[in-house]
Amino acid sequence: MIDERMTVAVLGGGSFGTALASIAADNGYEVRQWLRDAALVESINEDHRNPRYLPDYEINSNVVASTELRWVLESATLVLVAIPSKAFAEVVRQARPWLNPDQILVSTTKGIQQDGFKLMSQILEDETGFSHVGVLSGPNLASEVAEKQLTATVIASHDPLTRSRVQAALGCDYFRVYASNDRYGVELGGALKNIYAIAAGMAASLGMGENTRSMLMTRALAEMSRFAVAQGANPMTFLGLAGVGDLIVTCSSQLSRNYRVGYALGQGKSLDEAVDALGQVAEGVNTVRLVREKAHEVGVYMPLAEGLFQVLFRGVPARDMAKLLMQGEQSSDVEFVLSREDVKQDQREQEE
Ligand SMILES: NC(=O)C1=CN([C@@H]2O[C@H](COP(=O)(O)OP(=O)(O)OC[C@H]3O[C@@H](n4cnc5c(N)ncnc54)[C@H](O)[C@@H]3O)[C@@H](O)[C@H]2O)C=CC1
Ligand SMILES: O=C(CO)COP(=O)(O)O
């Protein structure tokens with residue numbers, strides 16, 4: 001049964017915004033989608049297709065697109081913001097005059113803003129001062145969502161109303177929406193896994209095997225949760241869909257843009273060539289820079305992020321970096337069970 005009071009606005013005309021708009025419309029809600037590009041607006045409204053970002057999928061005909069932010073937002077009770085992190089704050093500021101404190105504001109973006117190392121839901125909070133704020137994140141390749149492949153995601157918010165409204169708006173027989181109150185952990189999970197997806201794509205194109213991919217993904221999880229805990233998130237969140245779930249899909253699929261950037265780099269393309277060929281956002285390229293800097297600042301050990309940074313921005317060949325990483329410290333498997341300090345202590349004692 002649909003909640004008659006709910007109307008949905010989606011900001012962003014990329015692949016994920018389009019896929020989410022179509023789900024809400026499939027669920028019977030009135031959906032308005034904001035895009036800058038008038039030609040794409042026309043395609044969505046006339047042909048029910050987004051030829052630039054999701055050319056192969058039909059969009060529910062109840063999604064109405066517009067270039068008018070005011071029109072899209074004025075009747076909305078739920079606002080999903082699906083804008084790449086670099087432009088996220090700018091768009092929220094543009095939207096601010098038509099946002100109100102009763103609306104539910106949800107980021108679906110998996111990135112970090114350079115200025116202040118802010119996650120997107122923090123931007124929503126800071127720019128509006130409103131309290132119904134949440135994050136949607138999980139293993140959600142947009143084209144598979146658009147194809148109605150069976151999929152699950154997480155709505156994370158401290159606010160129960162935000163969680164239940166998003167579950168009602170998007171949950172359906174092909175899209176399950178699980179709830180979390182660790183907004184920061186869920187959001188960090190989505191942003192951080194993009195770093196390791198680039199590394200996984202690179203490893204695959206260099207012909208590295210399945211053991212290598214498994215090692216990479218599991219050590220990535222250790223590194224992500226180490227960083228997140230240092231930033232105040234709950235490590236248990238990384239056992240869920242927005243942690244290990246998203247890491248698995250993004251590190252295993254050519255449908256991931258971050259993975260594809262890594263794959264192209266492994267084939268010898270430059271970073272600029274790889275990003276240009278993609279023509280869509282690969283958030284991990286920026287995230288690795290910001291996270292590496294933050295890790296240095298707060299003293300968190302992140303050898304994989306550091307290694308990827310050196311390959312992407314310092315010209316270190318990926319194979320050399322892989323060799324170097326294999327010579328790094330052999331420490332604890334799960335450091336929430338046996339700490340890295342304890343392993344170091346054991347090793348020191350054996351050496352004496
Ligand atoms: N595509 C996917 O499979 C998924 C993407 N996400 C996240 O969703 C976010 C958005 O990604 P996609 O929709 O995939 O991106 P995309 O690359 O498909 O499209 C980006 C959209 O944002 C628009 N845009 C960029 N700058 C803008 C600005 N200043 N003002 C207005 N619009 C602007 C572009 O015109 C385009 O419509 C990313 O952070 C991504 O990590 C999350 C889950 C799945
Ligand atoms: O976040 C995603 C899947 O959950 C999409 O990943 P990419 O941005 O790498 O395509």
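Arg36 sits in the loop that joins β2 (30–34) to α2 (38–47). The model is predicted. Arg36 counts as exposed, because only 12 C-beta neighbours fall inside 10 Å, and 12 or fewer is the cut-off. UniProt, in an unreviewed entry, gives Arg36 the feature "binding site". That listing also holds Ser15, Phe16, Tyr53, Lys110, Ala142, Arg257, Val281 and Glu283.

Follow the chain to Tyr53. This residue lies in the loop between α2 and β3 (63–66). Is Tyr53 buried or exposed? Tyr53 is buried, because 21 other C-beta atoms lie within 10 Å and the cut-off is 20 or more. Leaving aside neighbours within four places in sequence, its contacts are Gly14, Ser15 and Thr18. Ser15 belongs to the "binding site" listing along with Tyr53, according to the unreviewed UniProt entry.

Now turn to ligand 1. Its shell holds 26 residues, and Gly14, Ala87, Lys110, Ala142 and Gln280 come nearest. Two elements give two or more residues to this shell: α1 (15–26) and α4 (85–95). Helix α4 gives the most, with four residues. By class, the shell around ligand 1 divides into eleven nonpolar, eleven polar and four charged residues. Lys110 and Ala142 also appear in the UniProt listing that includes Arg36.

Ligand 2 comes next. There are 13 residues around ligand 2, and the nearest are Asn140, Leu141, Ser256, Arg257 and Asn258. The elements that give two or more residues to its shell are α8 (183–205), α10 (241–252) and α11 (257–266). Which element gives the most to the shell around ligand 2? That is α10, with three residues. The shell has four nonpolar, five polar and four charged residues.

UniProt has another "binding site" listing, again from an unreviewed entry: Lys110, Gly138, Lys193, Asp246, Ser256, Arg257 and Asn258. Two of these residues are worth following.

Take Lys193. It lies in helix α8. Lys193 counts as buried, because it has 33 C-beta neighbours inside 10 Å. Beyond its neighbours within four places in sequence, Lys193 is in contact with Met224, Asp246, Leu247 and Thr250. Asp246 shares the UniProt listing with Lys193.

Then take Asn258, in helix α11. Asn258 is also buried, because 28 C-beta neighbours lie inside 10 Å. Setting aside neighbours within four places in sequence, Asn258 is in contact with Asn194, Ala197, Ile198, Thr250, Ala282, Glu283 and Gly284. Thr250 thus appears among the contacts of Asn258 and among those of Lys193. Glu283, for its part, is in the UniProt listing with Arg36 and Tyr53.

Met224, a contact of Lys193, leads to helix α9. This helix covers residues 210–230. Does its length fit, and what span is expected of its 21 residues? At 1.5 Å a residue, the expected span is 30 Å, and the end C-alpha atoms are 30 Å apart, so the two agree.

The buried residues of α9 are Leu216, Met217, Ala220, Leu221, Ala222, Glu223, Met224, Ser225, Phe227 and Ala228. They pack against α8, α10, α13 (284–298) and α14 (303–314). In an α-helix there are 3.6 residues a turn, so residues three or four places apart point the same way. Just after α9, Gly232 takes a positive phi of about 100°.

Terms used: Residues numbered from 1 in each chain as written. Chains lettered and ligands numbered in written order. Predicted model: local features only at pLDDT ≥ 70, side-chain atom pairs only at ≥ 80, totals over all residues. Near = placed C-beta within 6 Å. Nonpolar A, V, L, I, M, F, W, Y, C, P; charged D, E, K, R; others polar. UniProt positions renumbered as here; feature names shortened; annotations may be inferred. Contact = placed C-beta atoms within 7 Å. Expected span 1.5 Å × (residues − 1).
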